[in-house]
Amino acid sequence: MDIVASTLEAALRELSELPTPVSNWHVETGSDSTDERAVRV
């Protein structure tokens, strides 16, 4: 399943009860150092 960064950002914005408020999310998708799929938030 391929999920685009905008889909992840939208899901993260739905998290309203985090211990520390978050004003902005920056999500990147790509590969990690072992060439596996990864998400950076």
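Hi everyone, this is a short walk through one protein model, from its overall layout to a few residues.

First, where the numbers come from. This is a predicted model, where local features need pLDDT of at least 70, side-chain atom pairs count only at pLDDT 80 or more, and totals for chains, interfaces and linings use all residues. Residues are numbered from 1 along each chain as its sequence is written, and side-chain values use heavy atoms, with hydrogens and water left out.

On confidence, the average pLDDT (the predictor's confidence in each residue, from 0 to 100) is 87, and 95% of the residues score at least 70. The lowest mean, 87, belongs to α1, and the highest, 90, to β2.

Now the layout. There is one helix and there are two strands, in the order α-β-β from the N terminus. Helices (H or I, at least four residues) and strands (E, at least two) are DSSP runs, numbered from the N terminus. The C-alpha trace spans about 35 × 20 × 15 Å along its principal axes. With contact meaning heavy atoms within 4.5 Å, 18% of the contacts between residues at least 6 apart in sequence join residues at least 24 apart.

How many of the 41 residues count as buried? Just 10% of them do, where buried means under 20% relative accessible area, exposed over 50%, and partly exposed in between (1.4 Å probe, protein chains only). The protein exposes about 3700 Å², with carbon and sulfur atoms supplying 50% of that area. Accessible areas come from the Shrake-Rupley method with a 1.4 Å probe, and for residues only the protein chains shown count as cover.

On that surface, Leu-15, Leu-18 and Val-22 make a nonpolar patch with about 220 Å² of accessible area together. Patch residues have over 30% relative accessible area and no salt bridge (a side-chain nitrogen of Lys or Arg within 4 Å of a carboxyl oxygen of Asp or Glu); like charges are joined within 9 Å, nonpolar side chains (Val, Leu, Ile, Met, Phe, Trp, Tyr) within 5 Å. Leu-15 sits in the loop between α1 (5-13) and β1 (28-31), and counts as partly exposed because its relative accessibility is 45%.

Finally, the loop between β1 and β2 (37-40) holds Asp-35. Asp-35 has a positive phi of about 70° without being a glycine. Most residues other than glycine have a negative phi. Asp-35 is at 63% relative accessibility, so it counts as exposed. Thr-34 lies in the loop between β1 and β2, and is exposed too, at 55%. A polar contact of 2.8 Å links the side chains of Thr-34 and Asp-32. That term means a pair of N or O atoms within 3.5 Å; within protein, one must be able to donate a hydrogen and the other to accept it, and residues adjacent in sequence count only if both atoms are side-chain atoms.

Thanks for listening!
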